[in-house]
Amino acid sequence: MKKLLLFVILFLLAVYGLAQEGHKLNLDIDASFNLNYAFSNKDGIKDPVAVGASLGYEYDVNMFFGIEAGFRGGGFNQGIRYYDPNFGLDPMGDPQSFTKTTYKGTYWAPYIAPKLYLPIGYDDKKDRARYVFIENRLSYMRINLNKAEGMTGNAHKYRLTYEIRAGYQFPIDDRWAMSCWLGYNTFDFSKVKPEVVQHKNSTPIQVGIGFNYIIKQ
């Protein structure tokens with residue numbers, strides 16, 4: 001029993017030494033959307049889309065846990081598709097359409113993001129581990145609504161936004177790694193000015209890719 005315990009301890013210490021990545025810079029690109037109007041929409045309302053990027057510094061406390069702080073920003077929009085027979089027919093024989101933007105704006109936020117990692121393999125050539133991870137991100141976001149029907153000028157509001165991401169990270173070389181994830185978030189720009197934003201515009205479904213660079217091990 002003691003030999004088994006000693007073996008487990010030595011194994012964990014060895015994996016810890018291999019998996020520990022230290023201090024990293026992270027660059028992420030993400031897109032968020034929903035499917036409220038995608039399949040049953042007679043009014044031509046399009047689903048909202050939000051696209052953003054973030055730059056952060058991450059410190060890995062150990063092989064299982066890291067914490068990141070950084071800054072993110074991006075934009076969002078939503079439109080309505082109109083069909084006008086005066087424009088003629090498309091190749092499928094349907095009236096030509098055009099899209100009018102009904103809502104658009106930008107956002108920016110500082111954030112903090114604890115991360116849980118599970119090493120699932122090790123690349124000897126690149127001297128780095130492969131991971132699956134879960135990230136919880138909390139942002140204090142300023143949402144700027146720059147265009148909305150029935151609104152003159154701009155409007156903005158500060159809101160806490162939560163994201164959870166589940167993904168896979170793999171090494172490119174001994175310094176660079178790439179990740180991809182699927183997530184959920186609470187971003188909803190209708191909260192800026194509910195009296196003028198009439199459509200459903202939360203964007204809970206999120207996909208993204210990211211790159212990280214080890215600056216110190």
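A polar contact is a pair of N or O atoms within 3.5 Å, where, within protein, one atom must be able to donate a hydrogen and the other to accept it. With that idea in hand, a good place to begin is Ser54, in a model that is predicted. The side chain of Ser54 makes such a polar contact with the side chain of Arg137, at 3.3 Å. Ser54 belongs to strand β2, which covers residues 49-60. Is Ser54 buried or exposed? Its relative accessibility is 3%, so Ser54 counts as buried, the cut-off for that word being under 20% relative accessible area. Once neighbours within four places in sequence are set aside, the residues in contact with Ser54 are Asn26, Leu27, Asp28, Phe71, Arg72, Tyr111 and Arg137.

One of these contacts, Asp28, leads on to the charged residues. The structure holds 14 salt bridges. In one of them, Asp28 pairs with Arg165, and the closest N and O atoms are 3.4 Å apart. This pair links distant parts of the chain, since Asp28 sits in strand β1 and Arg165 in strand β6, 137 residues apart. Asp28 is buried, with a relative accessible area of 5%, and Arg165 is buried as well, with a value of 1%.

Arg165 has further partners to meet. A salt bridge also joins the side chains of Asp30 and Arg165, with an N to O distance of 3.6 Å. Here too distant parts of the chain are linked: Asp30 is in strand β1 and Arg165 in strand β6, with their positions 135 residues apart in the numbering. Both Asp30 and Arg165 are buried. Arg165 forms another salt bridge with Glu135, at 4.0 Å from N to O. Because Arg165 lies in strand β6 and Glu135 in strand β5, this pair ties together parts that are 30 residues apart in sequence. Glu135 is buried, with a relative accessible area of 2%. Which residues do shared partners join into one network of salt bridges? The members are Lys24, Asp28, Asp30, Glu58, Asp60, Glu68, Arg72, Lys115, Glu135, Arg137, Glu163 and Arg165. Arg137, the polar partner of Ser54, is thus met again in this network.

Asp188 offers another view of a charged residue. Asp188 is located in the loop between β7 (176-185) and β8 (205-216). Asp188 is buried yet has no salt bridge. Its nearest side chain of opposite charge is that of Lys191, 4.5 Å away, while a salt bridge calls for a nitrogen and a carboxyl oxygen within 4 Å. The side chain of Asp188 does make a polar contact with the side chain of Ser190, at 2.7 Å. Not counting residues up to four places away in sequence, Asp188 touches Ile143, Asn201 and Ser202.

Attention can now turn to the empty spaces inside the model. How many cavities of 30 Å³ or more does a search of the whole structure find? The search finds three. The largest cavity contains about 110 Å³ of space. Its lining is made up of 15 residues, and those nearest its centre are Asn26, Lys115, Gln169, Ser179 and Asn212. Two or more lining residues come from each of β1 (23-33), β4 (97-123), β5 (128-148), β6 (155-171), β7 and β8. Two of the names here have already appeared: Asn26 among the contacts of Ser54, and Lys115 in the salt-bridge network.

Note on methods: Residues numbered from 1 in each chain as written. Predicted model: local features only at pLDDT ≥ 70, side-chain atom pairs only at ≥ 80, totals over all residues. Heavy atoms only, no water. Helix = DSSP H or I, 4+ residues; strand = E, 2+ residues; numbered from the N terminus. Buried < 20%, exposed > 50% of the residue type's maximum accessible area, 1.4 Å probe, protein only. Lys, Arg positive; Asp, Glu negative; His and termini not counted. Contact = heavy atoms within 4.5 Å. 1 Å grid on protein atoms, 1.4 Å probe; cavity = no way out; pocket = protein on both sides within 12 Å on 5 of 7 lines; lining within 4 Å. Points joined across faces, edges and corners; volume = space filled by probe spheres on them.
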